[in-house]
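Subject: Structure handover

Hello,

Here is the structure I promised you. Please open it before you read on.

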Amino acid sequence: MSKNTYECVIVGAGIAGLQAAIQLGRYMHKVVVIDSEDGRSNLCRGYHNILGWPDGVSGETLRELGKKQASQYGIEFKKDYVIEAKKDQERITVKTKSGKTYESTTLLLSTGIKDRIPEIKNINPCLGVSIYVCPDCDGYEVRNQRVLLLGSGKTGANLALTLTYWTDKITFINHDGEIEPSLLKELKQKNIAVINEEIAGIITENESDFKGVTLKNGQTVHGEKGFIGFGGNAVHSELAKQLGVERLENKHVLVNPRTKETNITNVWAAGDLIAHSEQVTIAMADGCQAAIWIHKRLLKNNK
């Protein structure tokens with residue numbers, strides 16, 4: 001094989017991509033992982049619902065450990081951004097922003113999604129520590145506490161309603177969206193206060209301990225924990241589109257539920273990119289399952 005020719009190219013070194021890389025490395029395949037190091041898992045500084053981590057683990061730690069583990073099996077990592085993907089008969093070619101070209105027999109897309117987070121002062125240090133994104137992951141962390149739901153319109157309103165399972169002390173700060181009357185009625189029935197005003201900044205203690213928000217009108221609203229639900233998250237399925245992969249209207253990729261292969265032969269997808277619950281543990285399972293079937297295909301092709 002030439003320097004830039006591989007059995008599998010993995011685009012994205014998030015949780016799904018790394019788990020696939022580890023599995024393919026244990027099969028001793030020649031694999032390269034191309035990643036811009038700007039994935040969604042970097043946001044979370046404390047997953048508490050993962051088997052084996054009772055005290056929590058950050059996305060950064062999982063990524064560091066995953067990369068180290070995969071590297072032990074000979075997996076190559078390239079910091080770059082893939083801008084183009086083409087399939088020509090049995091070969092798949094990807095091109096990167098830096099001008100590099102990589103060829104492979106198989107391709108795994110694990111490019112994930114990116115949350116829309118407006119420019120709000122002091123918000124980044126709090127993300128994953130005292131301001132959360134996913135109620136299934138972190139709803140438990142806000143039980144019986146005063147929560148400020150920082151969001152927009154329908155997305156924010158629905159998340160506020162979801163959080164009533166854990167607490168009845170919720171204020172929804174509607175940053176930049178409209179709320180339909182039926183949703184407003186539901187919010188009122190659940191005693192969720194609604195403030196229609198843009199958020200200027202986060203009030204913190206020790207940088208990452210959320211204490212409330214300041215609004216553009218000068219108002220201050222205090223809370224113990226925060227949740228964000230701005231909607232409009234970006235699904236990074238542009239490469240899938242280039243390859244002719246089937247996508248839903250929301251741009252998530254469809255795959256075979258058993259193999260994780262897309263409708264395009266030798267192109268797989270895993271993690272938040274595909275249509276399922278956006279969970280770390282599910283992304284791990286996706287990555288492992290995809291790798292198993294990539295291995296089967298490579299064995300078949302080598303006969």
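Below are notes on the cysteines and the nonpolar cores.

This is a predicted model, so local features need pLDDT of at least 70, side-chain atom pairs count only at pLDDT 80 or more, and totals for chains, interfaces and linings use all residues. Residues are numbered from 1 along each chain as its sequence is written, and side-chain values use heavy atoms, leaving out hydrogens and water.

Cysteines first. A disulfide is a pair of cysteine sulfur atoms within 2.5 Å. By this rule, the count is zero. Why is C44 not bonded to C137? Their sulfurs are 6.8 Å apart, too far for a bond, and C137 holds the closest cysteine sulfur to that of C44. C126 is in no disulfide either. Its nearest cysteine sulfur, that of C44, is 13 Å away.

C44 is buried, at 9% relative accessible area. C126 is buried too, at 0%. (Buried means under 20% relative accessible area, with a 1.4 Å probe and protein chains only.)

Now the cores. A nonpolar core is a set of buried Ala, Val, Leu, Ile, Met, Phe, Trp, Tyr and Cys residues joined through side-chain atoms within 4.5 Å. The largest has 29 residues. Which of them touch the most other members? I10 and L108 do. Helix α1 (15–26) is one of the elements that supply at least two residues. In fact, α1 gives the most, with seven. (Helices are DSSP runs of H or I, at least four residues, numbered from the N terminus.)

Apart from this core lies another, of 24 residues. Among them are Y6, V9, I113 and I264.

Best wishes

Methods:
Buried means under 20% relative accessible area, exposed over 50%, partly exposed in between (1.4 Å probe, protein chains only).
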